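The following exchange examines one protein model through a series of questions and reasoned answers. Please consult the sequence and coordinates shown here while reading.

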Amino acid sequence: MTDHSNTPPSPYGHQPPDPYGQPASTSGSYPPPSQPWPQSPAAYPPQGTTPAAYPPAGYPQPPAGATSTPYAPTGAPSYPQPPAGAPSYPQPPAGAAPYPPPAGHPAAYPPNTPSPGAPSPYGQPPQPPTNGSGTPYGGYPAPAHPQQSPRPKWKTALIATGAAVVLLSVSTGTAWFVATTGTTSGGITALGGGNNAGEWDVPLPNAGSWDFTTALAFGSWLTDRVVIRAQKDGVLAYDLTTGKRAWGIPSPGSQLCGATPDLSQGKAAIAYGSNTSCDHLAGIDTTTGKLTWKIKIPAEKSTLANSINVPRIMSANGVAVTELNDAVTAYRLSDGRKVWSATASGDDGCHVKDINTAPTRVAVILDCTFRGGTRLQYIDPGTGKITKQATLGQLGLMSSLLSASPAIIRNESGGQNNFTVYSDAAAKVTEFKTPEVDMLAMNTVAFVSGLFEQRRYTIHGDRLYLASFPENVPQSMRSRNKALAFDLKTGKQVWESSGTHDTILTYIRADDQGLLAVETGDRRDLAPRLIRLDAATGKVTELATLPQKYGTEAEKARVFERNGAVIIIPWTSVATRYAVTYVNTRSS
């Protein structure tokens, strides 16, 4: 299920817990030297100390007496330390590479380390990243310091209206970081006992580096023939049978900055622009792999270094729907023609708090604080007319619209989640509370505010599937969660999953039989599994085991399944090695 809610500050008052848990000891060889360390908050050494393995052996050492400044190669920008009083996290074992920075850490803008000689899948020579004025960073993105100046009033309004501020390195030639063709292998444990059933993957050449923004995917789509990844530098499609690149579209501008989360009638739209403005929209025909139209759209230039204001972009019934600065606009996916536009601001003093779409509906939450609270509106995507409306009362800052059909509003306060379900007539159906659930975004790795977010939940019929908040697995550096099923008519919890392994569940889809999911596993000792959770009981049935080398690939990813084939497309390069993974779990 696609989520388009705003990116809130942490409700827990601290950084999210390490999803991999804590190591049982500081000795040993986890992970093997050839593997990158998994995500952990220990990206920086504690203030006032210089661990023996920091900087890594073989690199220039910091000047004598330097104890609190993280290592950076000569000429590289200085990265800020965590604020005073921030929690101290454990360091990796001596001699191992430092942990990558945690997702969303405001001071964790890591160096960019792709190979300058790597080929471009689009046939273009790579260009060095610059700071926007033509000066290369020497392979490192410039640090951003949003805390150094007070945020202007209009920036606060941008967050409320759903515009996104995304930290992206400003490069025009980074398309070469994804391989042009997948590598083919086999030997999986296949459904029915077969093997060599078909497997390929597309490596990320910069996997394991500290650059988590270059590999950021804005959208991923599946057709009958290809799997498609829309990322910062362009759109790449790979043949499902062979893993070879079927087609590629480099970004029409300096970089992509958005994409429709789903296809509508085989068509999609991408947003793109310069390093300061996301001000264009383009259409893609996924059958031909061609851009079909390009238009300019309203946008605001960013006032923060290395950030960009991104309009929210969705799709519904043949149109691309964008939202920026309280204006909601629909463009026809076939030719880019503007179909309608509506503005929330005006005499009512309202603004758009959140927006979501379904094939036949656009749902909007309007915050009218000084005009009677908040409102829920249903809009016809073809005409822009309001079809239904309901008064909601007051909602907290953490509220979001999880779904447009049925309309489900999540309101969080003090760690307590409250869900309200509305009918097609915009009438309240039920309201219920849940225990602490995982609503952290899976597709943010840098400073992001308002970017549409992919979260760990899905909906089918009258059933809402959530995930419990991850907890550490004892004696292991990973976390586990459980699937939770709720009845949307009564608000009652139906079950908690049983029979799952000690790992994270990533949902693929739900249907009448229950919930299809992947246990993400672990590269060291736990192979990923394709599983089904029974709709009535939540009991697990194993469908297939995937190769262990793909452990953790699906933890923060969009996962598809079709006729026994599992396709994994990570949102970021955190704890991943591949841009795309394909495993056919059925015997040939």
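Q: How many disulfides does the count come to?
A: The model is a predicted one. A pair of cysteine sulfur atoms within 2.5 Å is taken as a disulfide. By this rule, the number of disulfides is two.

Q: Which cysteine forms a disulfide with Cys257?
A: Cys257 belongs to strand β8 (residues 255-259). Its partner is found in the loop between β9 (267-273) and β10 (280-285), 21 residues apart from Cys257. The two sulfur atoms are 1.9 Å apart, within the 2.5 Å cut-off. The partner is Cys278.

Q: What is the handedness of the link of Cys257 and Cys278?
A: Both ends of this link are in buried positions, since Cys257 is buried and Cys278 is buried. The angle about the S-S bond is 85°. The link of Cys257 and Cys278 is right-handed.

Q: Where in the chain is Cys368, the disulfide partner of Cys350?
A: The sulfur atoms of Cys350 and Cys368 are 2.0 Å apart, and the link has 115° about the S-S bond and is right-handed. Cys350 occupies the loop between β16 and β17 (351-358). Cys368 lies 18 residues apart from Cys350, in strand β18 (residues 361-368).

Q: Is Cys368 buried or exposed?
A: Residues under 20% relative accessible area count as buried. The relative accessible area of Cys368 is 0%, so this residue falls under that limit. Its partner Cys350, at 3%, is buried. Cys368 is likewise buried.

Q: What is the pairing of the bonded cysteines when they are numbered in sequence order?
A: One disulfide joins Cys257 and Cys278, and another joins Cys350 and Cys368. With the bonded cysteines of the protein numbered in sequence order, the pairing is 1-2, 3-4.

Q: In what order do the four strands of the open sheet that includes β13 occur?
A: The pairing in this sheet is antiparallel. Its edge strands, each pairing on one side only, are β13 (312-316) and β16 (338-343). On average, neighbouring strands are turned by 20° against each other, direction ignored. The order is β13-β14-β15-β16.

Q: Which residue in β16 is the bridge partner of Val328?
A: Strand β15 covers residues 327-332 and pairs with β16 in the antiparallel sense. Five bridges make up this pairing. In β16, the bridge partner of Val328 is Ala342.

Q: Why does the aromatic pair of Trp200 and Tyr582 count as stacked?
A: A search of the whole structure finds six aromatic pairs. In the pair of Trp200 and Tyr582 the ring centres are 5.4 Å apart. Planes under 30 degrees apart count as stacked. This pair is stacked because its planes are at 10°.

Q: Which residue forms one aromatic cluster with Trp200 and Tyr582?
A: Trp200 in strand β3 (residues 199-203) and Tyr582 in strand β38 (residues 578-584) are 382 residues apart and link distant parts of the chain. Both of these residues are buried. The cluster they form includes Tyr238.

Q: What is the angle between the planes of Phe432 and Phe486?
A: Phe432 in strand β24 (residues 428-434) and Phe486 in strand β30 (residues 483-487) are 54 residues apart. Phe432 and Phe486 are buried. Their stacked rings are 5.6 Å centre to centre, and the angle between the planes is 20°.

Q: Over the ring of which residue does the charged end of Arg361 sit?
A: For Arg, the criterion requires CZ within 6 Å of the ring centre and within 35 degrees of the ring normal. The charged end of Arg361 is 4.0 Å from the ring centre. The ring belongs to Tyr378.

Key. Residues are numbered from 1 along each chain as its sequence is written. This is a predicted model: local features need pLDDT of at least 70, side-chain atom pairs count only at pLDDT 80 or more; totals for chains, interfaces and linings use all residues. Side-chain values use heavy atoms; hydrogens and water are left out. Two strands pair if DSSP finds at least two bridges between them. Helices (H or I, at least four residues) and strands (E, at least two) are DSSP runs, numbered from the N terminus. Axes are lines fitted to C-alpha atoms, for helices over the stretch in contact, and angles run from 0 to 180 degrees between N-to-C directions. Rings of Phe, Tyr and Trp (its six-membered ring) pair if their centres lie within 6.5 Å; planes under 30 degrees apart count as stacked, over 60 as edge-to-face and the rest as tilted. Buried means under 20% relative accessible area, exposed over 50%, partly exposed in between (1.4 Å probe, protein chains only).
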